[in-house]
Amino acid sequence: MYKFERLSDEISIAVSDSHTFGTDAVLLSHFADIKIRDQALDMGTGCGIIPFLWLRNKNIHNVFCLDIQKSAYDQVCFSIEKNNLQDRITAYHCDLREVDKTFKAETFSLVTMNPPYKPVGTGIESLSECAKIARHEICCNIEDAVKAASYLLKYGGRFCMCHRPERLVDTLELMRRYRLEPKRLRFVQDRAEEQPFLFLVQGQKGAKPFLRVEPLLVINNDDGKLTGEMLEIYGSYADGYDR
């Protein structure tokens, strides 16, 4: 039913054909820069990769995640139990468009989301229903995610998400509309000579305007091997990688 990906010597995560993970989620988990004092929530968690990468740090607790798909929720719960992490992470089966039914306002200091990238009716729609929900804005769009994050975050709390560069203006406009002032922005390229395929952004609730654009993140060297920074981001997940 599930396969397991090793994230560290202590933690592995269940993946399946329906719920797996890619580089975008790994980058977002790192970009969010979780702190020991944070109470953190990952929305649309899928297999749970973002919070499980955080939990490689034994000092991280008070982690939560949610997904609208029951199959994803069950899969995350399976990983939690397998790793004996019940005292550090809690999963919820709920719709982020109705987070007020599950969570009190201003509960978290950090919220993350790797959202669906494609509007409904665009691109090649995947065959499985799980993949459609993960890749197309069927159950939520950028505004839904930003609105939910604004409700969930304490004053000064951070919302981190990633998306495709063509949606950057939409994202920044919506963050400001919901009082999540964009504070950090980073573009990601596969190779140095290529155009960015992804951006990572952090908004802070109630903050004053000032956006810091961070250096480009390049994934692969010219020889196709991971850059030194990417190996650092992958951390223990990259153990055994041919450098």
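Which residues in helix 1 are buried? Let me start there, and then we'll walk through the rest of the chain. Before that, a quick caveat: this is a predicted model, so please keep that in mind throughout.

Okay, helix 1. The buried ones are Asp24, Ala25, Val26, Leu27, Leu28, Ser29 and Phe31. The helix covers residues 23–31, and with seven of its nine residues buried it is mostly covered. Right after helix 1 ends, Asp33 has a positive phi, about 50 degrees. Hold on to that one, since I'll come back to phi angles in a bit.

Let me zoom out for a second. The chain has seven helices and 11 strands. It is 243 residues in total, and 51% of them count as buried. If you take the contacts between residues at least 6 apart in sequence, 71% of them join residues at least 24 apart. I'll show you a few buried positions and what they touch.

First up, Ser8. You'll find Ser8 in the loop that runs between strand 1 (3–6) and strand 2 (12–15). The relative accessible area of Ser8 is 7%, so it counts as buried. Past its neighbours within four places in sequence, Ser8 has contacts with Arg56 and Ser236.

Next, Val63, which sits in strand 4, residues 63–67. How buried is Val63, as a relative accessible area? The answer is 0%. The contact list for Val63, again setting aside neighbours within four places, reads Ile34, Ala40, Pro51, Trp54, Leu55, Arg88, Ile89 and Thr90. If you like C-alpha distances, Val63 and Asp42 are 21 residues apart along the chain, and their C-alpha atoms are 8.2 Å from each other.

While we're in that region, look at Asn62. Asn62 is in the loop between helix 2 (49–54) and strand 4. It isn't a glycine, yet Asn62 has a positive phi of about 55 degrees. Just as background, most residues other than glycine have a negative phi. As for exposure, Asn62 comes out at 40% relative accessibility, so it is partly exposed. The same kind of phi turns up at Arg179, which is not a glycine either and has a positive phi of about 65 degrees. Arg179 belongs to the loop between helix 6 and strand 8 (180–189).

On to Phe103. Phe103 is in the loop between strand 5 (89–93) and strand 6 (108–113), and at 8% relative accessibility Phe103 is buried. What does Phe103 contact once we leave aside neighbours within four places in sequence? That would be Leu41, Leu66, Tyr92, Cys94, Phe108, Tyr151 and Leu152. For Leu152 there's a distance as well: the C-alpha atoms of Phe103 and Leu152 are separated by 7.4 Å, with those positions 49 residues apart along the chain numbering.

Then we have Cys140, in the loop between helix 4 (129–135) and helix 5. Cys140 is buried too, at a relative accessible area of 8%. Not counting residues up to four places away, Cys140 touches Leu96, Met113 and Pro116. The C-alpha atoms of Cys140 and Asp95 are 8.8 Å apart, and the two residues are 45 apart along the chain.

That brings us to the helix pair I wanted to show you. Helix 5 is residues 142–152, helix 6 is residues 168–177, and their axes come within 9 Å and cross at roughly 30 degrees. So helix 5 is roughly parallel to helix 6, because the cut-off for that label is an angle under 35 degrees. The crossing of helix 5 and helix 6 is right-handed. Which residues make the contact? From helix 5 it's Ile142, Glu143 and Val146, and they meet Thr171, Leu174, Met175 and Arg177 from helix 6. By class, that contact has four nonpolar, one polar and two charged residues.

One last stop, Arg167. It lies in the loop between strand 7 (153–163) and helix 6. Is Arg167 buried or exposed? It is buried, at 16% relative accessibility, since the cut-off for buried is under 20%. The side chains of Arg167 and Asp170 are joined by a polar contact of 3.3 Å.

That's my tour, and I'm happy to pull up any of those residues on the screen.

Note on methods: Residues numbered from 1 in each chain as written. Predicted model: local features only at pLDDT ≥ 70, side-chain atom pairs only at ≥ 80, totals over all residues. Heavy atoms only, no water. Axes fitted to C-alpha atoms, helices over the stretch in contact; angles between N-to-C directions. Helix = DSSP H or I, 4+ residues; strand = E, 2+ residues; numbered from the N terminus. Parallel < 35°, antiparallel > 145°, perpendicular 65-115°, else oblique. Left-handed = near helix turned anticlockwise from the far one by under 90°. Contact = heavy atoms within 4.5 Å. Nonpolar A, V, L, I, M, F, W, Y, C, P; charged D, E, K, R; others polar. Buried < 20%, exposed > 50% of the residue type's maximum accessible area, 1.4 Å probe, protein only. Polar contact = N/O pair within 3.5 Å; in protein donor to acceptor, adjacent residues only side chain to side chain.
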